[in-house]
Amino acid sequence: MAPVDEEAVMRRAVVTGGGTGIGRAVARRLAAGGDRVVLVGRRADVLREAAAAIDAEVGAGVASVETADLREPDEVTALTGRLLDGGPVDVLVLNAGGMLDADGDDLAATARLWTDDFRLNVLTTVLLGESLLPHLPRPGGRVVAVSSVAALRGAGSYGAAKAAVNAWVTGVAARVASDGVTVNAVAPGFVPDTGFWTDRLDEADRARRLARVPAGRAGTPEEVAAAVAYLTAADAGFTTGQVLGVHGGAVLARL
């Protein structure tokens, strides 16, 4: 791949959960398209490795890292200050999240699971999204949150958390549409080549999940990244408040 022309790099994109899986694929895709990318997460070593790989492929200095726990308001406030000190933020991809397992079978364990899934998926999206939203360019700012097919077909506390992300997306989209800022979500389906599925997937479970996908195959992080790239593009300004399914037809549109 040819080196990035530094003068042609016009935008700066922040990608949360950017060290692995879908977030890493998104960061790579945006960098290859000419954006500078900031990878945000909790594990500095993972982020640095991902940034180094993007720099090696796309061009030195294209990727940088910031560490923060996006569930914590004070850390998000500090992160926002550091990000803005580094220059304008044009694109925000809110990918951080995950699915937790219950640590018991009583009501206290149920409460912990639902609370922790909410914090891990909703707060990591909403806190940084609300913090950076006033600073995005008007017009031209782009926000994409990573939801899940689970929000559309139901999956306990995780599905409920991702449904809350969708609700935030549509509400904020209406709020800033007249400013020329778009806010959308992508809803990936079964994408097993990510850390999300580590230690959670055996062959029987894989077969069961594939049987529910009309396309007959699993998706890839790169396919999700392609959808994000469209929604963040300069010519996607008339698409806002949408949840774009990238799931092989697992949930079909209702007319």
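**Close-up views of a predicted model**

**View 1. The largest pocket has a volume of about 1200 Å³.** Welcome to this predicted model; we start with its largest pocket. Of the 50 residues that line this pocket, Gly97, Gly98, Met99, Tyr158 and Phe196 are the closest to its centre. Which helices and strands help to build the lining, with at least two residues each? They are helix α1, strand β2, and the helices α2 (44–58), α4, α5 (150–153) and α6 (156–176). Sorted by class, the lining holds 22 nonpolar, 19 polar and 9 charged residues.

**View 2. The second largest pocket offers about 180 Å³ of space.** Three helices, α1, α2 and α8 (221–232), each give at least two residues to its lining. Which of them gives the largest share? Helix α1 does, with 5 residues. Among the lining residues you can look for Arg24, Arg28, Ala53, Glu57 and Glu222. By class, the lining divides into 6 nonpolar, 1 polar and 5 charged residues.

**View 3. Seven strands line up in an open sheet.** Strands of a sheet pair through backbone hydrogen bonds, either parallel or antiparallel. Here the pairing is parallel, and the order to follow across the sheet is β3-β2-β1-β4-β5-β6-β7. Where does the sheet have its edge strands? They are β3 (63–67) and β7 (243–246), and each of these pairs on one side only. From one strand to the next, the twist averages 20°.

**View 4. Two helices meet the sheet.** Helix α1 (residues 21–32) packs on the sheet and touches β1 (12–16), β2 (36–41), β4 and β6 (182–188). The direction of α1 makes about 170° with that of β1. Helix α4 (residues 107–132) lies across β1, β4 and β5, and runs at about 165° to β4.

**View 5. Strands β4 and β5 pair side by side in the parallel sense.** Strand β4 covers residues 91–94 and strand β5 covers residues 142–146, with 4 bridges between them. To find your place in this pair, look for Val93, which stands opposite Val144 in β5.

**View 6. Strand β6 pairs with β5 and also with β7.** The parallel pairing of β5 and β6 runs over 5 bridges, while that of β6 and β7 runs over 4. Val186 of β6 is a handy landmark: Val186 is the bridge partner of Val146, and Leu244 in β7 is the bridge partner of Val186. How many residues of β6 are buried? The count is 7 of the 7, so this strand is largely enclosed by the rest of the structure. Both of its faces are covered, with Thr182, Asn184, Val186 and Pro188 on one side and Val183, Ala185 and Ala187 on the other.

**View 7. Leu30 sits in helix α1.** Is Leu30 buried or exposed? Leu30 has a relative accessible area of 4%, so it counts as buried, the cut-off being under 20%. Leaving aside residues up to four places away in sequence, Leu30 touches Ala13, Val15, Asp35, Val37, Val91, Val93, Ala229 and Thr232. You may recognise Val93 from View 5, where it faces Val144. Leu30 and Ala225 are 195 residues apart along the chain, and their C-alpha atoms are separated by 8.4 Å. Ala225 also belongs to the lining of the second largest pocket, the topic of View 2.

Note on methods
Residues are numbered from 1 along each chain as its sequence is written. This is a predicted model: local features need pLDDT of at least 70, side-chain atom pairs count only at pLDDT 80 or more; totals for chains, interfaces and linings use all residues. Side-chain values use heavy atoms; hydrogens and water are left out. Two strands pair if DSSP finds at least two bridges between them. Axes are lines fitted to C-alpha atoms, for helices over the stretch in contact, and angles run from 0 to 180 degrees between N-to-C directions. Contact means heavy atoms within 4.5 Å. Buried means under 20% relative accessible area, exposed over 50%, partly exposed in between (1.4 Å probe, protein chains only). On a 1 Å grid over the protein atoms alone, a cavity is a set of points where a 1.4 Å probe fits but cannot get out, and a pocket is an open set with protein on both sides within 12 Å along at least five of seven lines; lining residues have an atom within 4 Å of a point. Grid points are joined across faces, edges and corners, and a volume is the space filled by probe spheres set on the points. Ala, Val, Leu, Ile, Met, Phe, Trp, Tyr, Cys and Pro count as nonpolar, Asp, Glu, Lys and Arg as charged, and the others, Gly among them, as polar.
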